[in-house]
Amino acid sequence: MKTIFYPENERGKNNLGWLKANFSFSFASYYDPNKVNFGALRVLNDDIIASGTGFGTHPHDNMEIITIPLEGGLEHKDSMGNTGVIRAGEVQVMSAGTGVYHSEYNASRTEEAKTLQIWLFPKERDIQPRYDQKDFKPLLKINELTTLISPVKGPDTLWLNQDATFSMGDFEAGKSLNYDIKTPGNGAYVFVIEGSVKINNMVLNKRDALGVYDTSSFTIEPEDFSRFLIIDIPMA
């Protein structure tokens, strides 16, 4: 098993007043040649968006875009005709494909919105753009890992144009998890949202991440009550 440690304090930072952003990978004015991507994972931005503000209409193409609100909600509009609000406990996916325009604004006039925005390189280029979202609150259970997104279409998960699986869970201290890589040859990017965990005798604290590859499984040991996201991702 090989690993790459991505400490919270080495993330790129950008404070625009209305937006406080933390970049796990090179993005905008932040560039680190050692942190451009982890396999097909290109972007993981940890954003705090001030009330009543957001990202105006802008384009994307040939990218799989995933939004996971952690607190508050985002109002979404796009050129495919989709409008609505996505809130904490829900997940949004968008295949930009041949091209799409969209905007995202904090849905609250009084509270901040905290979100993870994640981009993956697509498996197939120039597909027809598409949008979907799902509420996972009824499925989330303590000490169980919940699959949010998979490469296979099904009723209980969202689908992506990539051989990637997204899973998330809240685990109590001592409730270790043995994680099996879902697609042979994939790696896993483990991002600690809250708490702290141990992987391969390495302790990861809040907002730290560990890239794991060249293995078929590994164990995650929560040090205290923890929430983490696992992105099972092609490495080639």
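Begin the tour by selecting strand 15 (residues 165-171), where 7 of the 7 residues are buried, so the strand is largely enclosed by the rest of the structure. Here buried means under 20% relative accessible area, with exposed over 50% and partly exposed in between (1.4 Å probe, protein chains only), and strands are DSSP runs of E of at least two residues, just as helices are runs of H or I of at least four, numbered from the N terminus. This is a predicted model, in which local features need pLDDT of at least 70 and side-chain atom pairs count only at pLDDT 80 or more, while totals for chains, interfaces and linings use all residues. Residues are numbered from 1 along each chain as its sequence is written, and side-chain values use heavy atoms, with hydrogens and water left out.

**The two faces of strand 15**

In a regular strand the side chains alternate between the two faces of the sheet. Colour Thr 165, Ser 167, Gly 169 and Phe 171 for one side of strand 15, then Phe 166, Met 168 and Asp 170 for the other, and you will have marked two faces that are both covered, with all of these residues buried.

**Its neighbours**

Next, add strand 13 (residues 146-150), which runs antiparallel to strand 15 and is joined to it by 3 bridges; two strands pair if DSSP finds at least two bridges between them. Within this pairing, Ile 149 has Phe 166 of strand 15 as its bridge partner. Then show strand 22, which pairs with strand 15 in the antiparallel sense over 7 bridges, and look for Asp 232 of strand 22, which stands opposite Thr 165.

**A loop residue**

Keep Asp 232 in view and select Thr 183, which touches both Asp 163 and Asp 232, not counting residues up to four places away in sequence; contact means heavy atoms within 4.5 Å. Thr 183 lies in the loop between strand 16 (177-180) and strand 17 (187-194). If you also select Glu 75, the C-alpha to C-alpha distance from Thr 183 is 33 Å, with their positions 108 residues apart in sequence.

**The largest pocket**

Rolling a probe the size of a water molecule over the atoms shows where empty space is left. On a 1 Å grid over the protein atoms alone, a cavity is a set of points where a 1.4 Å probe fits but cannot get out, whereas a pocket is an open set with protein on both sides within 12 Å along at least five of seven lines, and lining residues have an atom within 4 Å of a point. Grid points are joined across faces, edges and corners, and a volume is the space filled by probe spheres set on the points.

The largest pocket holds about 260 Å³ of space. To find it, select Leu 70, Lys 114, Glu 194, Lys 206 and Arg 207, the closest to its centre of the 15 residues that line it.

**The largest cavity**

Now turn to the largest cavity, which has about 50 Å³ of space, and select its lining: Tyr 6, Pro 7, Arg 11, Ser 24, Lys 35, Tyr 189, Phe 191, Arg 207 and Ala 209.

**The whole protein**

Finally, show everything: the protein has 0 helices and 22 strands. Its radius of gyration is 17 Å, close to the 18 Å that the globule rule gives for 236 residues, so the protein is as compact as a globular protein of that length; this radius is taken over C-alpha atoms, and the rule is 2.2 Å times the number of residues to the power 0.38. Buried residues make up 50% of the 236 residues.
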